[in-house]
Every structure is written in C-alpha cells, then in structure tokens.
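Reader: I would like to learn how to read a model like this one, feature by feature. Could you walk me through it?

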Amino acid sequence: MSVAHADDADDYSRPTGESYHAEKALPSGDFYTGQWRDNLPHGHGKYLWTDGCMYVGEWCRGKTMGKGRFSWPSGATYEGDFKNGYMDGKGTYIDSSGDLYRGSWVMNLRHGQGTKSYVNGDCYDGEWRRGLQDGHGRYQWKNENHYIGQWKNALMNGNGTMIWSNGNRYDGSWEDGAPKGNGTFRWSDGSFYVGVWSKDPKEQNGTYYPSTSSGNFDWQPQQVFYADLSECVVSTCQRIPVLPSQKMPVWYGSSEQSSSGNRTKNSERPRRRSVDGRVSNGEMELRNNGSGYLQLDDNAESNRSSLGPLRIQPAKKQGQTISKGHKNYELMLNLQLGIRHSVGRPAPATSLDLKASAFDPKEKLWTKFPSEGSKYTPPHQSCEFKWKDYCPVVFRTLRKLFSVDAADYMLSICGNDALRELSSPGKSGSFFYLTNDDRYMIKTMKKAETKVLIRMLPAYYNHVRACENTLVTKFFGLHCVKLTGTAQKKVRFVIMGNLFCTGHSIHRRFDLKGSSHGRLTTKPESEIDPNTTLKDLDLNFAFRLQKNWFQEFCRQVDRDCEFLEQERIMDYSLLVGLHFREAAFKDSATPTSGARTPTGNSDGGNARLSRGEMDRFLLDASKLASIKLGINMPARVERTVRRSDCENQLVGDPTGEFYDVILYFGVIDILQDYDISKKLEHAYKSMQYDPTSISAVDPKQYARRFRDFIFRVFVEEDT
C-alpha cells in the first residue's frame with residue numbers, strides 16, 4: 001500500500017470534471033500515467049509500483065474499476081474485471097507456476113463458476129465458493145481418472161461419481177474426499193459391490209456381486225481407499241502473493257468543491273466521513289476521548305455532522321461468571337455433568353440419513369446422577385439429579401452436520417471455565433448462559449417451547465441439511481435437569497450456537513422483526529452500550545451487500561421464511577451485529593505503539609491508519625476465506641434518519657454517510673408457534689393498535705411482513 005501525494009498546480013487551473021492525460025511521479029517512487037480528473041486517476045491509466053507490480057486498465061475516482069490487467073514481479077498476472085480495487089467479476093489469473101484459473105471472482109476470491117487448469121495436467125471445471133472448489137464440479141486428473149459431483153471446501157463431498165481410466169467406477173456418497181455412506185463400486189467386466197462405505201473397516205458393510213462364477217471374491221473394499229484413490233489427489237491453488245486491493249494507493253490532495261463552487265487550497269486533503277460522524281482528512285487517528293468512547297480524530301481539523309457523532313464504546317464481555325455461591329451454581333454443575341455424560345457416551349457411527357424413529361418424541365434417555373456416583377456416572381459435589389436427553393441421535397448428527405468436534409464441544413461447556421449468566425432474563429422469562437469462549441449459548445426453555453422444537457425437529461433437520469447457508473439458529477442439544485427431593489423442579493434447556501462468537505468487537509446489535517409496536521428501546525441513550533440490543537425503531541442504518549452476497553442473502557431469507565411459515569412459526573427476528581472497521585485497531589490487542597503513519601513517522605500509542613492498511617489487516621486472503629453468509633461479512637452501511645413527523649417510520653431516509661463494517665446476522669427465536677395465546681394476543685392488540693404494527697400475527701402474514709422489511713434495510717451495493 002502506498003500513499004500518493006498527487007498535488008499538482010496544473011490541476012487547479014483546470015475546470016472541475018475535465019479529464020486530461022497526466023504523468024505523475026509520486027513521492028513514494030511509484031509512477032502513474034494516464035487519464036486524470038479532479039486530482040485522481042479517472043479513465044484509462046497505468047500505475048507502476050517500486051516493487052515491480054503494475055496495473056494497466058480502467059480507473060474510477062482513484063480506484064481500479066472496470067477492465068484491467070494486474071501483474072506481479074513473480075510473473076503472475078490477472079486480467080479481467082476490477083471493482084473498488086478488488087478482482088471482482090470475470091477474470092483470468094495465471095500464477096507464477098503456470099496454473100490458470102478462468103471464471104468468476106468476488107473480492108479477490110474465486111467465487112462462482114470457473115475452470116482451473118493445473119500445470120501438472122489436472123483440470124477442474126465447476127463451482128467455487130470463497131476461493132475453494134465448492135458445489136458441483138468435474139475434476140480430471142492427468143491420467144484421465146475423473147470425478148463428477150458435489151464438492152465442499154476443495155474436497156469431494158456429497159453425491160458423486162469417480163471413473164477410473166481402466167473403466168472402474170464408484171457412484172455414491174462422499175465425505176472429506178473419500179467414499180462415505182451408501183455407494184456402488186463397478187468393474188469394467190460388470191461385477192459390482194453395493195453397501196455402506198467408510199475408511200473404518202468396522203463400519204464397512206456390503207455385498208459383492210460377480211459378473212461370472214469366477215469373480216474376484218478376494219477383493220476387499222478398503223483397496224478403494226488405499227489403492228484406487230491413492231493417485232487421485234486434488235491439487236491445491238497457489239496463494240496470491242499480494243492482493244491488488246492491498247496495493248491500491250491512498251490519494252491525498254484530491255480536489256474538493258467548496259460551498260461557493262471554488263476549489264479548496266492546494267494544501268487541503270480530501271475529506272471523508274469517519275465512524276463518529278465527523279469529516280476527516282484521509283488520515284485518521286483512533287483515541288479515547290476520556291469518556292470511554294472511541295472516536296476518530298482528523299488531525300487538527302474536524303466538522304461535526306449535522307446528525308451528531310456516532311459514538312462507539314469499547315465492547316465488554318457479557319454476563320456474570322457463575323462462581324460458588326451463585327444461586328445457579330449447582331444447576332451449572334448439573335448441566336456440565338450431564339453434557340459430559342451425553343457427548344462422551346459411546347455411540348455407533350451415524351449416517352446423515354436418519355430413520356424416522358430417531359425423531360420420535362418418545363426417543364429420550366433418563367440418567368440418574370447420585371452424589372456418590374454410580375456405575376455410569378462419576379461422584380460429584382452437587383445435589384442428586386436426573387438428566388434427560390431428547391432425541392440424542394438427532395442432535396449428535398446435527399453436531400456432526402455443523403462440523404462440531406465432540407471434544408471441543410465438551411471443553412467449551414464442561415471445561416475448567418465457568419459459564420456466564422446474562423444479566424437479565426429475556427422477554428419470555430428464559431435465562432441465557434454463555435460458555436467462557438463465547439461459542440455456545442444455553443437457554444432455559446418452557447415446556448411449550450420444548451414441544452415445538454421436538455415437533456419441528458424432522459423439518460428443521462431436513463432444512464439445515466439442504467441449506468448450508470441457512471440463517472436460522474443452530475441447535476446442538478436439548479436436555480432437562482430434574483432435581484430430586486421435595487422440589488422436583490425441572491429445568492429444560494437448549495444449546496445453540498452464539499451468532500456473535502468472533503474476534504471482532506460487536507459495536508452495535510439490532511433485533512429486527514418488521515413490526516413497530518413496542519419496538520423501541522426503553523433505555524436512556526446514556527445507558528446504551530455495545531451489549532444493548534436495539535430494535536426496529538432504533539435502526540438508523542441501511543445495510544449494503546455486494547451483488548453476489550445480496551442475491552444469496554435474498555434466496556436464503558426466502559427459503560428460511562418459507563420453512564418457518566410451513567412450521568407455523570412466528571415472532572422470530574433477524575439479529576444483526578455491526579463491527580465498525582475503523583475502530584478495529586483500538587479494539588485489537590495488537591500493540592499500536594509500533595504502527596506507522598502513512599508518512600512513515602511513529603506516533604506513540606496513537607496509530608494513524610490509512611484505509612488501505614485496514615483493508616490489508618481485515619481483508620487478507622486468510623480472513624476472506626472465513627467469510628460466510630451472515631458471518632464475518634465485509635459490507636458498507638449507510639446512516640439513515642427518521643422524519644420527525646412520522647413516529648412509526650420503520651425505515652429512515654438515507655443521509656449519504658457511509659461506514660465500512662463487518663456484519664454478523666442470523667434468524668433467532670424460532671420456537672414460537674401461532675398458538676391460542678398468540679391468537680388472543682393478536683385479537684386484543686388489534687382493537688387497540690394498528691394490526692399491521694404488532695408482532696403477533698398469522699405466520700403467513702408475519703413471514704411476508706418480515707421479508708418486506710428485511711429487503712428494505714438490506715440492499716445491493718451500487719458499485
């Protein structure tokens with residue numbers, strides 16, 4: 001990343017908006033030649049970096065935009081579409097080894113349809129996702145063996161067919177690059193083997209059918225894993241050395257119109273709006289203003305936005321640690337003992353194709369935990385209790401489907417660290433607990449909610465299995481603790497994934513339903529902090545997603561709402577968390593004392609960070625590979641304001657103030673069915689308020705209103 005001071009007296013003698021050819025030798029040693037307008041590259045131009053990188057192509061207001069060619073000193077080249085500095089659209093990349101990729105790109109990553117030709121003679125043609133083979137595709141090896149079928153994370157996964165050059169073939173299920181599940185292996189002579197496949201010989205089970213009486217009866221299925229597939233190794237993609245977006249210069253000294261229509265002085269730098277609502281010079285400095293809020297300073301000069309500052313408080317860890325003496329300390333011990341027993345209990349390997357009996361509401365296991373221990377349970381310091389597992393096979397398979405490692409799961413919930421209880425129960429009266437590593441959330445359940453989850457479990461399982469990017473809550477276990485003695489108290493709870501388990505601080509969080517009645521936070525503004533969940537009428541942003549992600553988002557919201565509507569579920573919401581990227585380094589544990597300003601000067605503990613440096617830190621290849629729908633998604637938000645004459649205006653008017661953010665979002669609270677109590681609530685409130693403004697409405701109407709609202713606050717990025 002270079003800093004380009006493009007001050008040129010000639011610029012100030014030309015009318016605003018006029019393009020001309022220019023040659024700019026920059027202080028960094030870089031060189032630009034091409035079309036120039038308003039003190040920025042605009043049109044066709046060439047940029048040469050001192051390290052040997054070069055870009056030739058189209059520019060738009062200082063950013064690579066349109067068709068272009070980027071080359072690296074190693075000999076690697078990319079030729080195709082650029083967008084806001086990223087390889088984005090259709091393009092061809094040839095790395096230094098000679099491997100060639102031709103196809104779709106999204107933010108520097110292969111994403112969409114594309115073909116990869118490897119220098120060793122292999123070739124892949126199919127779908128890509130976040131830089132890896134993912135979806136349907138065909139891979140052909142140099143020796144003419146080839147695979148056609150489903151992929152996941154660059155491995156054969158799902159249904160697919162492998163055909164060897166000698167005529168043998170396997171048709172069936174795959175997992176992590178090898179046959180797993182039901183499948184058939186056929187020989188060119190007509191013989192075949194049908195059964196359940198696994199790398200573990202104990203799980204392998206099937207029948208061999210020879211074509212003649214002299215068939216190969218000594219053949220063992222494990223030969224497929226250790227002989228037939230030994231040469232079918234999928235080649236990896238060479239990492240792009242430096243991303244073009246990391247090389248884009250930050251242009252200082254661009255011209256700007258004043259209110260009278262004249263240009264600013266030559267010494268002034270372009271201003272941009274920062275996270276706190278002020279206007280800054282292009283360099284920025286994060287510091288604490290003494291009140292606990294993070295704000296961005298713009299050197300000595302700043303102008304307040306007419307909307308006032310957007311203050312960002314440092315995020316604090318949620319909840320109170322449950323230590324000895326806490327009223328729920330024994331309940332926590334019971335929970336941890338039960339989870340350790342359930343997850344650690346030996347169980348046969350399960351296929352993803354579950355039998356209907358696994359979902360039977362009667363499918364539950366009771367285990368007694370006496371304090372002195374038993375044949376199956378350890379001694380413990382808590383009171384005696386009973387433990388119930390609901391549909392254990394289903395939830396074990398769900399954890400497998402969600403790629404949850406059993407050992408990590410137990411360590412998160414049952415390790416040495418205590419759980420944390422959130423400060424107050426939810427509106428339903430349920431209590432929430434977080435694991436110390438923030439990966440899992442535990443919610444106490446009413447009996448009615450438990451029944452709803454068990455009732456919808458078959459449809460839920462099929463939905464999350466069919467929709468890899470589903471936004472609905474991930475459930476990992478459903479349990480019950482029954483205390484013995486006179487109390488006979490039952491506590492039911494469900495274990496879910498925590499949407500905001502991330503290294504990024506969540507600076508704003510919104511719970512959005514698309515209704516207006518009661519959807520305003522009652523806290524005074526002085527008490528609102530990053531852990532406060534704001535509501536529909538508090539929303540003051542529109543979320544702008546890149547085109548491919550926006551299209552996938554719309555498809556998934558439609559599918560999730562259709563599923564919830566079919567299950568007669570309502571009152572769910574979209575939980576959205578925002579991490580403001582300009583506050584990233586202040587929140588980071590990375591020391592800032594050694595960070596450098598764009599001019600190369602150290603600035604003690606207050607690091608001045610350019611936009612390009614933040615892009616490099618937050619959007620490098622390793623982090624981009626972790627982006628999923630609703631998880632770790634770079635985006636822009638536009639600040640909005642509501643009209644004072646419209647009290648229940650759900651979506652505010654745009655202001656033109658944009659902030660770079662990382663988004664996290666998902667659909668939560670999906671266990672409220674439209675029962676008699678909700679029907680009565682709807683009838684009662686409809687007599688007092690506008691029926692369209694209340695939450696309790698028919699699931700079909702709720703889904704339609706929810707979608708309409710979400711598709712107004714989430715929009716496609718313009719550029």
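Author: Happily; we will go through confidence, strands, cores, one residue and aromatic rings in turn.

Reader: Let's start with confidence. What is the mean pLDDT of the chain?

Author: Keep in mind that this is a predicted model, and pLDDT is the predictor's own confidence in each residue. Here the chain averages 78, with 76% of its residues at 70 or more. Residues 253-306 fall below 50, and this stretch has 155 contacts in the model beyond near neighbours in sequence. Residues 585-621 are also below 50, with 79 such contacts.

Reader: Thanks, I will keep those two stretches in mind. Now the strands: in which sense do β10 and β11 pair?

Author: In general, the strands of a sheet pair through backbone hydrogen bonds, either parallel or antiparallel. In this model, β10 (residues 109-117) and β11 (residues 123-129) are antiparallel and share six bridges. To find the register, look for Gly-114, which stands opposite Gly-126 in β11. Five residues separate the two strands of this hairpin, and in its turn Gly-121 has a positive phi of about 105°.

Reader: And which strand does β11 join next?

Author: β11 is joined by six bridges to β12 (residues 132-140), again running antiparallel. Tyr-124 has Tyr-139 of β12 as its bridge partner. This hairpin has two residues between its strands, and Arg-130 in the turn has a positive phi of about 50°.

Reader: Let me try further along the chain. How many bridges do β14 and β15 share?

Author: Six bridges, in the antiparallel sense, between β14 (residues 155-163) and β15 (residues 169-175). Asn-159 faces Ser-173 in β15. The hairpin they form has five residues between the strands, with Gly-167 in the turn at a positive phi of about 100°. β15 then pairs with β16 (residues 178-186), antiparallel and over six bridges; there Gly-172 and Gly-183 are bridge partners. Two residues lie between β15 and β16 in their hairpin, and Asp-176 in that turn has a positive phi of about 55°.

Reader: How do I read a whole sheet? What is the order of the eight strands in the open sheet?

Author: Walk across it from one edge to the other: β24-β27-β28-β29-β31-β30-β26-β25, with antiparallel pairing. β24 (320-321) and β25 (364-369) each have a single partner strand, so one side of each has no neighbour in the sheet. Within the sheet, β29 (residues 440-445) and β31 (residues 490-497) run antiparallel and are joined by six bridges. Met-441 has Met-496 in β31 as its bridge partner.

Reader: Next, the cores. How many residues does the largest nonpolar core have?

Author: The largest one has 102 residues, and those with the most contacts inside it are Phe-543, Leu-663, Ile-670 and Phe-714. A second, separate core has 48 residues, including Trp-49, Cys-53, Tyr-118 and Val-224. To see how one residue links distant parts of the sequence, take Ile-670: leaving out residues up to four places away, its contacts are Met-456, Tyr-460, Val-472, Phe-475, Leu-564, Ile-569 and Tyr-572.

Reader: Tyr-460 is on that list. Is Tyr-460 buried or exposed?

Author: Tyr-460 is buried, with a relative accessible area of 0%. Its place is in helix α6 (residues 447-466). Among the residues Tyr-460 touches, beyond four places in sequence, are Leu-398, Phe-402, Phe-563 and Ile-670. Tyr-460 and Phe-563 are 103 residues apart in sequence, with their C-alpha atoms 8.1 Å apart in space.

Reader: Finally, the rings. How many aromatic pairs does the structure hold?

Author: A pair of aromatic rings is described by the distance of the centres and the angle of the planes. This structure holds 48 aromatic pairs. For Tyr-101 and Trp-105 the centres are 5.2 Å apart and the planes are at 90°, so the pair is edge-to-face. Both Tyr-101 and Trp-105 are buried. Tyr-147 and Trp-151 are also edge-to-face, at 5.4 Å centre to centre and 85° between the planes, and both of these residues are buried too.

Reader: What about charges over rings: which ring does the charged end of Arg-636 sit over?

Author: The ring of Phe-658, at 4.2 Å from its centre. Arg-186 lies over the face of Phe-192, 5.5 Å from the ring centre.

Terms used: Residues numbered from 1 in each chain as written. Predicted model: local features only at pLDDT ≥ 70, side-chain atom pairs only at ≥ 80, totals over all residues. Heavy atoms only, no water. Core = buried A, V, L, I, M, F, W, Y, C linked by side-chain atoms within 4.5 Å. Buried < 20%, exposed > 50% of the residue type's maximum accessible area, 1.4 Å probe, protein only. Contact = heavy atoms within 4.5 Å. Phe/Tyr/Trp six-rings, centres within 6.5 Å; stacked < 30°, edge-to-face > 60°. Lys NZ or Arg CZ within 6 Å of the ring centre and 35° of its normal. pLDDT = per-residue confidence, 0-100. Pairing = 2+ DSSP bridges. Helix = DSSP H or I, 4+ residues; strand = E, 2+ residues; numbered from the N terminus.
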